[in-house]
Amino acid sequence: MTAPWRPAPGPVVCLGETMAALAPDPPRPLADAEQLRLSVAGAESNVAMYLADHGIPARWLSAVGDDPLGRRVRAAVAAAGVDVTHVRTDPHRPTGLLLKNPGPAGTRVHYYRAGSAASALGPGLLDGEPLSSAALLHLTGITPALSASCRALVTRALDTPAAERPYAVSFDVNHRVALWPDGTAPALLRALADRADIVFVGLDEAQELWGGDLTVTGLRELLPGPRILVVKDGARAATAVTANGACTVPALRTAVVEPVGAGDAFAAGFLAGLLRAETPARALRLGHLTAVSALKVTGDHGPLPEPTDIARLLELTDRDWQRYDDGSGDGPAAGPEGRRREGSEAVQS
């Protein structure tokens, strides 16, 4: 058995758009809401914030508008302990905005991000700091859908062969249907994912993109390039496929307040485990534990368990892990897939 590959320890750069987010408070359909709660939402900054919670140096790289929402976004991410020094303020373009519309079938999301500051990001962002001192760059499939320049940025980041890159690259497929109206998502997301060192993808997401009968084995055949392929199977389990084979860890049982953001939390927990030289099994456990933190709050970022509790849970036997319930509810196991129904891309006014 070969020694498991893992990224070198060091700072993680999470690159992508974060928007201001409005959601009914208390949760109900927008049409019936009397008041809205303002927060921030961004897959990549979610990962950065949870990495910071785990004590991993994290930097968020993006752009916001020179407006109150941009200042709110920057401050919220920084308050979680993330380095936002290299976030650019664009004086000509606004900060993106999304509205959450909870309903019986899930949360539908309406975007107002066309022409946003982050949509103007381009390949030049990869030059110099903070990438020159990064151990890992985290990207998602959301960014290449935002604009031609964003697509060029992600493509350039992954064009260099993995063995020649100065940092490892993780890529969360994170397919947002509303952002890909032209049908190009399946081919492009597959090509990008296959060039990354670490890939996260939901099994249901992969089946929607590349074939309804896909299994974990079939996905590995479809994406042979990544050193580590992590497949999240909803509320059931998550599997990490490496050169040494596949390792599967069941999801934990907890009450689910809102699933949005759980996939980002899972990715952060798994990456934190890798960066601490944990085994794939323990990294998967840390992913599940971090995902629960997002599942138990209405926003995208919730508090981690106490370090002593995390350490205790990581040491459970496989049998005790499978039987563990955090006591917050009697619902089924809660998986890392923060899936949501996607709304149409709204035109920025």
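In this predicted model, a search of the whole structure finds 15 salt bridges. Side chains of opposite charge can pair when their charged atoms come close. Several of these pairs may be followed one by one.

The side chains of Arg-236 and Asp-233 form one salt bridge, with a distance of 3.0 Å from N to O. The two partners may be compared by their accessibility. Arg-236 has a relative accessibility of 57%, so Arg-236 counts as exposed, since the cut-off for that class is over 50%. Asp-233, with a relative accessible area of 23%, is partly exposed.

A second salt bridge joins the side chains of Arg-282 and Glu-278, where the N to O distance is 2.6 Å. Here Arg-282 has a relative accessibility of 23% and counts as partly exposed. Glu-278 has a relative accessibility of 19%, and because buried means under 20%, Glu-278 counts as buried.

A further salt bridge is found between Arg-312 and Asp-309, whose closest N and O atoms are 3.7 Å apart. Both residues belong to helix α9, which covers residues 307-314. Because they are 3 residues apart in this helix, about one helical turn separates them. Arg-312 is partly exposed, at 42% relative accessibility, and Asp-309 is partly exposed as well, with a relative accessible area of 29%.

Salt bridges can also be joined to one another. Arg-88, Asp-90 and Arg-93 are linked in a network of this kind.

One member of that network, Arg-88, is also in contact with Arg-74. Arg-74 lies in helix α2, residues 68-79, and is partly exposed, with a relative accessible area of 22%. Which residues does Arg-74 contact when its neighbours within four places in sequence are left aside? They are Trp-60, Val-64, Val-84, Val-87, Arg-88 and Thr-89. With Thr-89 there is a polar contact between the side chains, at 2.6 Å. Arg-74 may also be located relative to Ala-63: the two are 11 residues apart in sequence, and their C-alpha atoms are 9.3 Å apart in space.

Another arginine, Arg-113, is placed against a ring. The charged end of Arg-113 sits over the ring of Tyr-111, 4.7 Å from the centre of that ring.

Rings may also pair with each other, and the count of aromatic pairs comes to 1. This pair consists of Phe-200 and Phe-270; the arrangement is edge-to-face, with 5.7 Å from centre to centre and 90° between the planes. The pair links distant parts of the chain, for Phe-200 is in strand β11 and Phe-270 is in helix α7 (residues 262-275), 70 residues apart. Phe-200 is buried, at 0% relative accessibility, and Phe-270 is buried too, with a relative accessible area of 1%.

Strand β11, which holds Phe-200, also takes part in covering a helix. In helix α5, residues 203-210, the buried residues are Leu-203, Glu-205, Ala-206, Leu-209 and Trp-210. Why do these residues lie on the same side of α5? They cover an arc of only 155° around the axis, and this places them on the same side of the helix. What covers them includes α4 (185-193), β11 (198-202), α6 (216-222) and β12 (228-233). After α5 comes Gly-211, whose phi is positive, near 140°.

A further buried position is His-138, which is found in strand β9, residues 136-140. Its relative accessible area is 0%. Not counting residues up to four places away in sequence, His-138 touches Val-13, Cys-14, Leu-15, Val-47, Ser-170, Asp-172 and Leu-271. With one of these, Ser-170, the side chain of His-138 makes a polar contact of 2.7 Å.

The final position to consider is in a loop. Ala-162 lies between α3 (148-159) and β10 (168-172) and is partly exposed, with a relative accessible area of 28%. Residues up to four places away in sequence being left out, Ala-162 touches Asp-197 and Arg-227. Ala-162 and Pro-226 are 64 residues apart along the chain, while their C-alpha atoms are separated by 9.0 Å.

Methods
Residues numbered from 1 in each chain as written. Predicted model: local features only at pLDDT ≥ 70, side-chain atom pairs only at ≥ 80, totals over all residues. Heavy atoms only, no water. Buried < 20%, exposed > 50% of the residue type's maximum accessible area, 1.4 Å probe, protein only. Helix = DSSP H or I, 4+ residues; strand = E, 2+ residues; numbered from the N terminus. Arc of directions from axis to C-beta. Contact = heavy atoms within 4.5 Å. Salt bridge = Lys/Arg side-chain N within 4 Å of Asp/Glu carboxyl O. Polar contact = N/O pair within 3.5 Å; in protein donor to acceptor, adjacent residues only side chain to side chain. Phe/Tyr/Trp six-rings, centres within 6.5 Å; stacked < 30°, edge-to-face > 60°. Lys NZ or Arg CZ within 6 Å of the ring centre and 35° of its normal.
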